[in-house]
Amino acid sequence: MNNIDIKEALTSLGYNLLDRGDYWQSTAVYRNGDNPTALQIYKDTGVWRDYVAGESFMPFKALIEKSLGTTKPADLDKYLSGVSSLPGSSIKKDLEAIPKIEKTFSLEDVDNLLPHYAFYNKKGISNETLKLFKAGMSTGGSMYQRFVFPIYNKNSRVHGLAGRDMSNIKDRPKWKHMGKKVYWIYPLHIKDESGERATMSSIMDSGEVILVESIGDMLSLFENGIKNVLVTFGLDISSELLINLIGLNLKKITLSFNNDFNNQENRGRNACVKNYLKLLSHFNQESVSICLPTKNDFGEMTESEISDWQIKKENNYRNHEKLCQVVLESAKDLYINKKLSNNIHKNVKKLPCYE
(Lines give C-alpha, C1' and ligand atoms only; values in the text may rest on other atoms or scores of the structure.)
Protein backbone atom coordinates (compact mmCIF):
# COMPACT_ATOMS: atom_id res chain seq x y z
CA MET A 1 0.00 0.00 0.00
CA ASN A 2 1.51 3.38 -0.97
CA ASN A 3 0.54 6.78 0.37
CA ILE A 4 -2.03 7.20 -2.41
CA ASP A 5 -3.77 3.98 -1.31
CA ILE A 6 -3.63 5.14 2.32
CA LYS A 7 -5.12 8.50 1.38
CA GLU A 8 -7.90 6.91 -0.69
CA ALA A 9 -8.76 4.55 2.15
CA LEU A 10 -8.96 7.38 4.65
CA THR A 11 -10.94 9.79 2.47
CA SER A 12 -13.44 7.04 1.66
CA LEU A 13 -13.98 6.68 5.41
CA GLY A 14 -14.69 10.39 5.78
CA TYR A 15 -11.27 11.73 6.82
CA ASN A 16 -10.51 15.26 5.62
CA LEU A 17 -6.72 15.20 5.39
CA LEU A 18 -4.59 18.32 5.90
CA ASP A 19 -1.24 17.94 4.12
CA ARG A 20 1.72 18.62 6.44
CA GLY A 21 4.55 17.27 4.30
CA ASP A 22 5.53 13.84 5.66
CA TYR A 23 2.18 13.38 7.38
CA TRP A 24 -1.48 14.36 7.32
CA GLN A 25 -3.67 15.77 10.07
CA SER A 26 -7.36 15.14 10.48
CA THR A 27 -10.27 14.98 12.87
CA ALA A 28 -10.78 11.73 14.77
CA VAL A 29 -13.70 10.55 12.64
CA TYR A 30 -14.04 7.30 14.60
CA ARG A 31 -15.02 9.21 17.75
CA ASN A 32 -16.87 12.07 16.01
CA GLY A 33 -14.15 14.54 16.96
CA ASP A 34 -14.19 18.13 15.72
CA ASN A 35 -10.50 19.07 16.17
CA PRO A 36 -9.02 19.17 12.62
CA THR A 37 -5.49 18.51 13.93
CA ALA A 38 -6.25 15.76 16.46
CA LEU A 39 -4.78 12.95 14.36
CA GLN A 40 -1.30 12.78 12.87
CA ILE A 41 -0.99 10.12 10.15
CA TYR A 42 2.32 9.39 8.43
CA LYS A 43 1.99 9.07 4.66
CA ASP A 44 4.57 6.34 4.08
CA THR A 45 3.30 3.80 6.63
CA GLY A 46 -0.05 5.01 7.96
CA VAL A 47 1.36 5.03 11.50
CA TRP A 48 -0.85 7.45 13.42
CA ARG A 49 -1.50 9.04 16.77
CA ASP A 50 -4.49 10.72 18.42
CA TYR A 51 -2.95 13.62 20.34
CA VAL A 52 -6.19 14.92 21.82
CA ALA A 53 -7.06 11.52 23.29
CA GLY A 54 -3.47 11.12 24.49
CA GLU A 55 -2.91 7.81 22.72
CA SER A 56 0.43 6.36 21.61
CA PHE A 57 1.51 5.78 18.00
CA MET A 58 -0.38 2.88 16.41
CA PRO A 59 -0.29 0.98 13.08
CA PHE A 60 -2.56 1.88 10.17
CA LYS A 61 -4.63 -1.26 10.66
CA ALA A 62 -5.71 -0.04 14.10
CA LEU A 63 -7.06 3.19 12.59
CA ILE A 64 -9.07 1.27 10.01
CA GLU A 65 -10.45 -1.03 12.73
CA LYS A 66 -11.49 1.95 14.85
CA SER A 67 -13.06 3.70 11.87
CA LEU A 68 -15.08 0.65 10.81
CA GLY A 69 -15.83 -0.50 14.33
CA THR A 70 -14.80 -4.07 13.50
CA THR A 71 -11.78 -6.38 13.39
CA LYS A 72 -13.25 -8.83 10.87
CA PRO A 73 -10.70 -9.49 8.07
CA ALA A 74 -13.42 -9.53 5.42
CA ASP A 75 -14.39 -5.97 6.32
CA LEU A 76 -10.78 -4.74 6.57
CA ASP A 77 -9.44 -6.24 3.36
CA LYS A 78 -10.92 -3.50 1.17
CA TYR A 79 -8.74 -0.95 2.94
CA LEU A 80 -5.68 -3.07 3.75
CA SER A 81 -5.34 -5.25 0.64
CA GLY A 82 -2.14 -3.51 -0.47
CA VAL A 83 -0.36 -3.53 2.88
CA SER A 84 1.77 -6.62 2.35
CA SER A 85 2.72 -5.67 -1.22
CA LEU A 86 4.73 -2.57 -0.31
CA PRO A 87 8.08 -3.15 1.43
CA GLY A 88 8.21 -1.34 4.72
CA SER A 89 4.48 -0.88 5.13
CA SER A 90 3.51 -4.19 6.75
CA ILE A 91 1.99 -4.09 10.18
CA LYS A 92 5.27 -5.36 11.60
CA LYS A 93 7.19 -2.57 9.88
CA ASP A 94 4.59 -0.04 10.99
CA LEU A 95 5.12 -1.06 14.58
CA GLU A 96 8.87 -0.80 14.15
CA ALA A 97 8.33 2.79 13.00
CA ILE A 98 6.76 3.65 16.32
CA PRO A 99 9.26 5.43 18.60
CA LYS A 100 10.80 3.12 21.19
CA ILE A 101 9.56 3.42 24.76
CA GLU A 102 11.81 5.85 26.58
CA LYS A 103 13.30 5.39 30.02
CA THR A 104 11.11 6.21 32.98
CA PHE A 105 12.10 6.77 36.58
CA SER A 106 11.02 4.95 39.72
CA LEU A 107 8.39 6.54 41.92
CA GLU A 108 11.03 6.43 44.67
CA ASP A 109 12.78 9.24 42.81
CA VAL A 110 9.71 11.35 43.56
CA ASP A 111 8.45 9.97 46.87
CA ASN A 112 11.79 10.60 48.62
CA LEU A 113 11.92 14.31 47.75
CA LEU A 114 11.72 16.49 50.87
CA PRO A 115 9.43 19.53 51.19
CA HIS A 116 12.22 22.05 51.76
CA TYR A 117 10.58 24.96 49.98
CA ALA A 118 12.42 27.97 51.42
CA PHE A 119 14.40 28.75 48.25
CA TYR A 120 11.28 29.09 46.10
CA ASN A 121 9.19 30.60 48.89
CA LYS A 122 11.63 33.54 48.86
CA LYS A 123 10.90 33.90 45.14
CA GLY A 124 7.18 34.17 45.87
CA ILE A 125 6.24 30.58 45.04
CA SER A 126 3.80 29.04 47.52
CA ASN A 127 3.97 25.60 49.12
CA GLU A 128 0.65 24.79 47.45
CA THR A 129 2.12 25.33 43.98
CA LEU A 130 5.28 23.36 44.72
CA LYS A 131 3.24 20.48 46.12
CA LEU A 132 1.11 20.45 42.97
CA PHE A 133 4.24 19.95 40.87
CA LYS A 134 5.39 17.21 43.32
CA ALA A 135 8.73 18.98 43.66
CA GLY A 136 11.19 18.77 46.51
CA MET A 137 14.78 18.52 47.72
CA SER A 138 16.84 15.46 46.84
CA THR A 139 19.17 14.23 49.58
CA GLY A 140 20.99 11.56 47.61
CA GLY A 141 21.85 10.09 44.26
CA SER A 142 22.52 11.96 41.02
CA MET A 143 20.33 14.86 42.09
CA TYR A 144 21.95 15.32 45.52
CA GLN A 145 21.32 18.80 46.97
CA ARG A 146 19.09 19.82 44.10
CA PHE A 147 15.47 20.90 44.18
CA VAL A 148 13.89 18.42 41.79
CA PHE A 149 10.85 18.74 39.52
CA PRO A 150 9.58 15.37 38.18
CA ILE A 151 8.59 15.50 34.52
CA TYR A 152 5.47 13.43 33.78
CA ASN A 153 4.40 12.00 30.44
CA LYS A 154 0.83 11.48 29.26
CA ASN A 155 0.73 8.06 30.96
CA SER A 156 1.51 9.66 34.36
CA ARG A 157 4.97 8.10 34.38
CA VAL A 158 8.04 10.12 35.36
CA HIS A 159 10.22 10.28 32.24
CA GLY A 160 12.50 13.07 33.36
CA LEU A 161 13.94 14.97 36.32
CA ALA A 162 14.92 18.64 36.39
CA GLY A 163 17.06 19.65 39.37
CA ARG A 164 17.92 23.19 40.50
CA ASP A 165 21.20 23.38 42.46
CA MET A 166 20.83 24.28 46.14
CA SER A 167 24.46 23.69 47.20
CA ASN A 168 26.03 26.92 45.89
CA ILE A 169 29.16 24.91 45.10
CA LYS A 170 31.41 26.87 42.73
CA ASP A 171 31.21 25.82 39.06
CA ARG A 172 28.34 23.40 39.74
CA PRO A 173 25.72 23.79 36.97
CA LYS A 174 22.60 25.66 38.07
CA TRP A 175 20.33 23.05 36.45
CA LYS A 176 20.74 19.34 35.85
CA HIS A 177 18.37 17.37 33.64
CA MET A 178 17.94 13.59 33.53
CA GLY A 179 15.96 12.03 30.71
CA LYS A 180 15.41 13.22 27.15
CA LYS A 181 14.33 16.86 27.19
CA VAL A 182 13.25 16.68 23.56
CA TYR A 183 10.24 14.59 24.65
CA TRP A 184 9.18 16.75 27.58
CA ILE A 185 5.87 18.62 27.33
CA TYR A 186 5.96 20.20 30.76
CA PRO A 187 3.83 20.68 32.81
CA LEU A 188 0.99 19.58 30.51
CA HIS A 189 0.49 16.20 32.21
CA ILE A 190 0.78 17.19 35.88
CA LYS A 191 -2.35 16.15 37.78
CA ASP A 192 -3.66 17.44 41.08
CA GLU A 193 -5.14 15.19 43.78
CA SER A 194 -8.50 15.12 41.99
CA GLY A 195 -6.85 14.01 38.76
CA GLU A 196 -7.36 17.33 36.98
CA ARG A 197 -4.57 18.63 34.73
CA ALA A 198 -4.50 22.36 35.52
CA THR A 199 -2.24 23.34 32.64
CA MET A 200 -4.14 21.30 30.06
CA SER A 201 -7.48 22.69 31.28
CA SER A 202 -6.20 26.26 31.15
CA ILE A 203 -4.82 25.80 27.62
CA MET A 204 -8.04 24.25 26.34
CA ASP A 205 -10.19 26.96 27.99
CA SER A 206 -8.08 29.88 26.72
CA GLY A 207 -6.99 28.43 23.38
CA GLU A 208 -3.55 29.87 24.08
CA VAL A 209 -0.11 28.65 25.11
CA ILE A 210 2.63 30.84 26.56
CA LEU A 211 6.11 29.39 25.94
CA VAL A 212 8.86 30.20 28.44
CA GLU A 213 12.48 29.10 28.80
CA SER A 214 12.57 27.69 32.30
CA ILE A 215 10.61 26.13 35.13
CA GLY A 216 11.20 29.24 37.24
CA ASP A 217 9.38 31.42 34.69
CA MET A 218 6.51 28.95 34.56
CA LEU A 219 6.19 28.91 38.36
CA SER A 220 6.08 32.71 38.57
CA LEU A 221 3.29 32.91 36.00
CA PHE A 222 1.43 29.98 37.55
CA GLU A 223 1.58 31.64 40.97
CA ASN A 224 -0.06 34.70 39.41
CA GLY A 225 -2.94 32.67 38.02
CA ILE A 226 -1.50 32.22 34.51
CA LYS A 227 -1.52 28.45 34.06
CA ASN A 228 -1.54 28.00 30.28
CA VAL A 229 2.28 27.88 30.20
CA LEU A 230 4.68 25.31 28.74
CA VAL A 231 8.46 25.18 29.26
CA THR A 232 10.85 24.83 26.31
CA PHE A 233 13.90 24.06 28.49
CA GLY A 234 16.06 26.23 26.30
CA LEU A 235 15.88 28.54 23.32
CA ASP A 236 14.32 26.20 20.76
CA ILE A 237 10.95 24.53 20.29
CA SER A 238 11.52 20.77 20.03
CA SER A 239 9.81 18.68 17.34
CA GLU A 240 7.77 16.87 20.00
CA LEU A 241 6.60 20.15 21.50
CA LEU A 242 5.73 21.47 18.04
CA ILE A 243 3.65 18.38 17.27
CA ASN A 244 1.77 18.79 20.55
CA LEU A 245 1.14 22.49 19.85
CA ILE A 246 -0.36 21.54 16.50
CA GLY A 247 -2.53 18.90 18.14
CA LEU A 248 -3.93 21.34 20.71
CA ASN A 249 -5.77 23.36 18.01
CA LEU A 250 -4.55 26.67 19.45
CA LYS A 251 -5.74 30.17 18.66
CA LYS A 252 -2.69 31.88 20.16
CA ILE A 253 0.95 30.98 20.84
CA THR A 254 2.96 33.58 22.76
CA LEU A 255 6.76 33.36 22.85
CA SER A 256 8.09 34.78 26.12
CA PHE A 257 11.73 33.82 26.49
CA ASN A 258 14.06 35.74 28.82
CA ASN A 259 14.68 39.38 27.99
CA ASP A 260 18.48 39.70 27.91
CA PHE A 261 18.39 43.46 27.29
CA ASN A 262 21.42 44.06 29.51
CA ASN A 263 23.65 41.82 27.38
CA GLN A 264 25.39 42.67 24.15
CA GLU A 265 23.20 40.08 22.43
CA ASN A 266 19.58 39.64 23.49
CA ARG A 267 19.56 35.86 23.05
CA GLY A 268 16.01 35.46 24.34
CA ARG A 269 14.60 37.98 21.87
CA ASN A 270 16.57 36.52 18.95
CA ALA A 271 15.39 33.02 19.82
CA CYS A 272 11.78 34.22 19.93
CA VAL A 273 12.18 35.66 16.43
CA LYS A 274 13.62 32.37 15.11
CA ASN A 275 10.85 30.31 16.71
CA TYR A 276 8.20 32.79 15.55
CA LEU A 277 9.33 32.18 11.98
CA LYS A 278 9.50 28.42 12.54
CA LEU A 279 5.89 28.40 13.77
CA LEU A 280 4.72 30.14 10.59
CA SER A 281 5.12 26.79 8.82
CA HIS A 282 2.18 25.49 10.86
CA PHE A 283 0.19 28.46 12.18
CA ASN A 284 -1.26 31.68 10.81
CA GLN A 285 0.75 34.83 11.42
CA GLU A 286 -2.11 36.30 13.48
CA SER A 287 -1.94 33.31 15.84
CA VAL A 288 1.71 33.73 16.86
CA SER A 289 3.13 36.56 18.92
CA ILE A 290 6.15 37.62 20.95
CA CYS A 291 5.92 39.31 24.33
CA LEU A 292 9.12 39.31 26.35
CA PRO A 293 9.13 39.81 30.13
CA THR A 294 9.56 43.49 31.00
CA LYS A 295 12.51 42.51 33.19
CA ASN A 296 15.08 39.79 32.60
CA ASP A 297 12.58 37.04 33.46
CA PHE A 298 9.19 36.60 35.13
CA GLY A 299 10.80 35.69 38.45
CA GLU A 300 12.06 39.28 38.77
CA MET A 301 8.63 40.80 38.10
CA THR A 302 6.04 41.84 40.68
CA GLU A 303 2.38 40.88 40.54
CA SER A 304 1.42 44.26 39.11
CA GLU A 305 4.20 44.07 36.51
CA ILE A 306 2.95 40.68 35.37
CA SER A 307 -0.56 42.13 35.11
CA ASP A 308 0.81 44.95 32.93
CA TRP A 309 2.65 42.36 30.85
CA GLN A 310 -0.64 40.55 30.20
CA ILE A 311 -2.14 43.77 28.84
CA LYS A 312 0.91 44.28 26.63
CA LYS A 313 0.60 40.69 25.39
CA GLU A 314 -2.97 41.21 24.26
CA ASN A 315 -2.06 44.52 22.63
CA ASN A 316 0.61 42.72 20.62
CA TYR A 317 -2.05 40.45 19.13
CA ARG A 318 -4.26 43.41 18.29
CA ASN A 319 -1.30 45.23 16.72
CA HIS A 320 0.21 42.21 15.00
CA GLU A 321 1.17 44.30 11.94
CA LYS A 322 3.49 46.40 14.12
CA LEU A 323 4.94 43.23 15.66
CA CYS A 324 5.42 41.90 12.14
CA GLN A 325 7.65 44.88 11.31
CA VAL A 326 9.74 44.32 14.43
CA VAL A 327 10.15 40.63 13.60
CA LEU A 328 11.07 41.43 10.02
CA GLU A 329 13.81 43.87 11.02
CA SER A 330 15.18 41.48 13.64
CA ALA A 331 15.11 38.57 11.19
CA LYS A 332 17.06 40.57 8.62
CA ASP A 333 19.75 41.29 11.19
CA LEU A 334 19.90 37.65 12.23
CA TYR A 335 20.14 36.47 8.65
CA ILE A 336 22.95 38.90 7.92
CA ASN A 337 24.76 37.52 10.96
CA LYS A 338 24.31 33.96 9.59
CA LYS A 339 22.32 32.99 12.68
CA LEU A 340 19.08 32.26 10.87
CA SER A 341 18.84 29.07 8.83
CA ASN A 342 17.92 29.29 5.16
CA ASN A 343 14.81 27.21 5.82
CA ILE A 344 13.51 29.60 8.48
CA HIS A 345 14.53 32.57 6.37
CA LYS A 346 12.03 31.44 3.74
CA ASN A 347 9.27 32.05 6.25
CA VAL A 348 10.22 35.73 6.38
CA LYS A 349 8.56 36.00 2.97
CA LYS A 350 5.29 34.81 4.53
CA LEU A 351 5.08 37.93 6.67
CA PRO A 352 2.45 40.39 5.37
CA CYS A 353 4.91 43.24 5.96
CA TYR A 354 7.63 41.64 3.82
CA GLU A 355 8.78 43.76 0.87
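Tutor: Two strands are said to pair if DSSP finds at least two bridges between them. The model discussed here is predicted.

Student: In the hairpin of β6 and β7, which residue takes a positive phi?

Tutor: Strand β6 (residues 146-152) and β7 pair in the antiparallel sense over seven bridges, and Val148 stands opposite Gly163 in β7. Five residues lie between the two strands of this hairpin. The residue with a positive phi, near 65 degrees, is Ser156.

Student: How many residues of strand β7 are buried?

Tutor: A residue counts as buried when its relative accessible area is under 20%. Strand β7 (residues 158-165) is mostly covered. The number of its eight residues that are buried is eight.

Student: Which residue of β8 does Gly163 stand opposite?

Tutor: Strand β7 pairs with β6, and β7 and β8 also pair, in the antiparallel sense, over five bridges. Gly163 of β7 faces Val148 in one of these pairings. In β8, the residue opposite Gly163 is Lys176.

Student: Which strands stand at the edges of the open sheet with the order β1-β2-β3-β4?

Tutor: This sheet has four strands with antiparallel pairing. An edge strand has a single partner strand, so one side of it is left without a neighbour in the sheet. The strands in that position are β1 (18-19) and β4 (48-50).

Student: In β2, what is the bridge partner of Leu18?

Tutor: β1 pairs with strand β2 (residues 23-26) in the antiparallel sense, over two bridges. Leu18 has its bridge partner in β2, and that residue is Gln25.

Student: Which helix packs on that sheet, touching β3 and β4?

Tutor: The helix in question covers residues 60-68 and touches β3 (39-42) as well as β4. Its direction makes about 50 degrees with that of β4. The helix is α2.

Student: In the sheet with the order β10-β9-β11-β12, is the pairing parallel or antiparallel?

Tutor: Strands of a sheet pair through backbone hydrogen bonds, either parallel or antiparallel. The sheet is open and has four strands. Its pairing is parallel.

Student: Why is one side of β10 left without a neighbour in the sheet?

Tutor: β10 and β12 (288-290) stand at the edges of this sheet. One side of β10 is therefore left without a neighbour, and the reason is that β10 has a single partner strand.

Student: By how many degrees are neighbouring strands of this sheet turned against each other on average?

Tutor: The sheet is made of β10, β9, β11 and β12 in that order. With direction ignored, the average turn between neighbouring strands is 25 degrees.

Student: In β12, what is the bridge partner of Ile253?

Tutor: Strand β11 (residues 252-255) pairs with β12 in the parallel sense, over three bridges. The residue of β12 that is the bridge partner of Ile253 is Val288.

Student: Which residue follows α10 with a positive phi?

Tutor: Helix α10 (residues 239-247) is mostly covered, with eight of its nine residues buried. Among the buried ones are Glu240, Leu241 and Gly247. The residue that follows α10, with a phi near 55 degrees, is Asn249.

Student: Is Asn228 buried or exposed?

Tutor: Asn228 is found in the loop between α9 and β10 (229-231). Its contacts beyond four places in sequence include Ser202, Ile203 and Glu208. The relative accessible area of Asn228 is 7%, and buried means under 20%. Asn228 is therefore buried.

Student: Is Pro352 buried or exposed?

Tutor: Pro352 is found in the segment after α14 (342-348). Leaving aside neighbours within four places in sequence, Pro352 is in contact with Gln285 and Cys324. Its relative accessible area is 57%, and the cut-off for an exposed residue is over 50%. Pro352 is therefore exposed.

Student: How far apart in space are Pro352 and Cys324, C-alpha to C-alpha?

Tutor: These two residues are 28 residues apart in sequence, and they are in contact. From C-alpha to C-alpha, the distance is 7.5 Å.

Student: Which helix gives the most to the lining of the second largest pocket?

Tutor: This pocket holds about 560 Å³ of space and is lined by 21 residues, with Lys174, Trp175, Ser214, Gly216 and Asp297 nearest its centre. α6 (118-121), β8 (175-179) and α9 (215-223) each supply at least two residues of the lining. The helix that gives the most, with four residues, is α9.

How values were computed:
Residues are numbered from 1 along each chain as its sequence is written. This is a predicted model: local features need pLDDT of at least 70, side-chain atom pairs count only at pLDDT 80 or more; totals for chains, interfaces and linings use all residues. Side-chain values use heavy atoms; hydrogens and water are left out. On a 1 Å grid over the protein atoms alone, a cavity is a set of points where a 1.4 Å probe fits but cannot get out, and a pocket is an open set with protein on both sides within 12 Å along at least five of seven lines; lining residues have an atom within 4 Å of a point. Grid points are joined across faces, edges and corners, and a volume is the space filled by probe spheres set on the points. Contact means heavy atoms within 4.5 Å. Axes are lines fitted to C-alpha atoms, for helices over the stretch in contact, and angles run from 0 to 180 degrees between N-to-C directions. Buried means under 20% relative accessible area, exposed over 50%, partly exposed in between (1.4 Å probe, protein chains only).
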